[in-house]
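I opened this notebook page to record, one look-up at a time, what I could read from the structure shown here.

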Amino acid sequence: MKCLVVSDSHGDREILESILAHNKNKVDAFFHCGDSELEANDSLFNVFNGVIGNMDFDMKFPEELVKVVDGETIYVSHGHLTGVKTNLLTLSLRAQSKNANFAFFGHTHELGCEMTDAGMLILNPGSISLPRGKYRGLGGTYAIIEADAKFVRVTYFTRQHESVPELSSEFKR
């Protein structure tokens, strides 16, 4: 399984087009974790699996979604409804209730990932347009997650589609 995760583009449609063009036919699925500030019927969401964020006003976006990609169950939420700025417990429990192997979220604009003791990867790709935190100087990030029977690999990319090796992670399954 190989999927791309982006979040918090805040109206920057061009960067989503660029990400799609650069990664088309390279990943199995595209996810947007909310705050696109686009309409749910935008043609980009024919490819991106998106959820509603606190800055999205088109109520046609789902609050959360669950998608199976190559046998892996993926849970996606923006995070504002699960309190991710405080902790990841509610998000994690919600994803577990969906039997998810992966939980993707945004909202904080800060990238990060961790593997739980239960073997679920929790990942925030950071904001592609308005990054915060330690890595805000990168100018925005998205992530590609690759999983096989033995490992889960996470690679973060800049807006210029350059990988950031020091942010790469590999987790044993």
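Before placing any residue, I noted that helices (H or I, at least four residues) and strands (E, at least two) are DSSP runs, numbered from the N terminus. I also kept in mind that this is a predicted model.

**Entry 1: isoleucine 15.** With that numbering, I placed isoleucine 15 in helix 1. Its relative accessibility came out at 6%, and because buried means under 20% relative accessible area, isoleucine 15 counts as buried. Leaving aside neighbours within four places in sequence, I found isoleucine 15 in contact with Ser9, Ile128, Ser129 and Arg159. I then looked up alanine 100, which is 85 residues away along the chain from isoleucine 15, and the C-alpha atoms of the two are separated by 28 Å.

**Entry 2: serine 7.** I found serine 7 in the loop between strand 1 (2-6) and helix 1 (13-23), and it is buried, with a relative accessible area of 0%. The side chain of serine 7 makes a polar contact of 2.7 Å with the side chain of aspartate 8. Not counting residues up to four places away in sequence, serine 7 touches ten listed residues, among them His32, Cys33, His78, His107 and Ser127.

**Entry 3: aromatic pairs.** How many aromatic pairs does a search of the whole structure find? I noted five. In one of them, phenylalanine 45 and phenylalanine 61 are edge-to-face, at 5.0 Å centre to centre with 80° between the planes. This pair links distant parts of the chain, 16 residues apart, with phenylalanine 45 in the loop between strand 2 (29-32) and strand 3 (48-50), and phenylalanine 61 in the loop between strand 3 and strand 4 (64-69). Both phenylalanine 45 and phenylalanine 61 are buried.

Tyrosine 142 and phenylalanine 157 form a stacked pair, 5.4 Å centre to centre and with 20° between the planes. Tyrosine 142 lies in strand 9 (residues 141-147) and phenylalanine 157 in strand 10 (residues 151-158), so this pair ties together parts that are 15 residues apart in sequence. Tyrosine 142 is buried at a relative accessible area of 0%, and phenylalanine 157, at 15% relative accessibility, also counts as buried. I recorded as well that Phe31, Phe102 and Phe104 form one aromatic cluster.

**Entry 4: nonpolar cores.** The largest nonpolar core has 25 residues, of which Phe31, Ile74, Phe102, Phe104, Leu123 and Ile145 touch the most other members. Several strands each supply at least two residues of this core, including strand 1, strand 2, strand 5 (72-77) and strand 6 (102-104). Following up isoleucine 74, and not counting residues up to four places away in sequence, I found that it touches residues including Met1, Cys3, Leu65, Phe102 and Phe104. Apart from the largest core lies another, of 18 residues, among them Leu4, Ile15, Phe48 and Tyr142.

**Entry 5: the sheet.** I traced an open sheet of five strands in the order 4-5-6-8-7, with mixed pairing. Strand 4 and strand 7 (112-115) stand at the edges, each with a single partner strand, so one side of each is left without a neighbour in the sheet. Strand 7 and strand 8 run antiparallel and are joined by four bridges, and glutamate 114 stands opposite isoleucine 122 in strand 8. Helix 2 (residues 89-97) packs on the sheet, touching strand 4, strand 5, strand 6 and strand 8, and its direction makes about 140° with that of strand 5.

Conventions: Residues numbered from 1 in each chain as written. Predicted model: local features only at pLDDT ≥ 70, side-chain atom pairs only at ≥ 80, totals over all residues. Heavy atoms only, no water. Phe/Tyr/Trp six-rings, centres within 6.5 Å; stacked < 30°, edge-to-face > 60°. Buried < 20%, exposed > 50% of the residue type's maximum accessible area, 1.4 Å probe, protein only. Polar contact = N/O pair within 3.5 Å; in protein donor to acceptor, adjacent residues only side chain to side chain. Contact = heavy atoms within 4.5 Å. Core = buried A, V, L, I, M, F, W, Y, C linked by side-chain atoms within 4.5 Å. Pairing = 2+ DSSP bridges. Axes fitted to C-alpha atoms, helices over the stretch in contact; angles between N-to-C directions.
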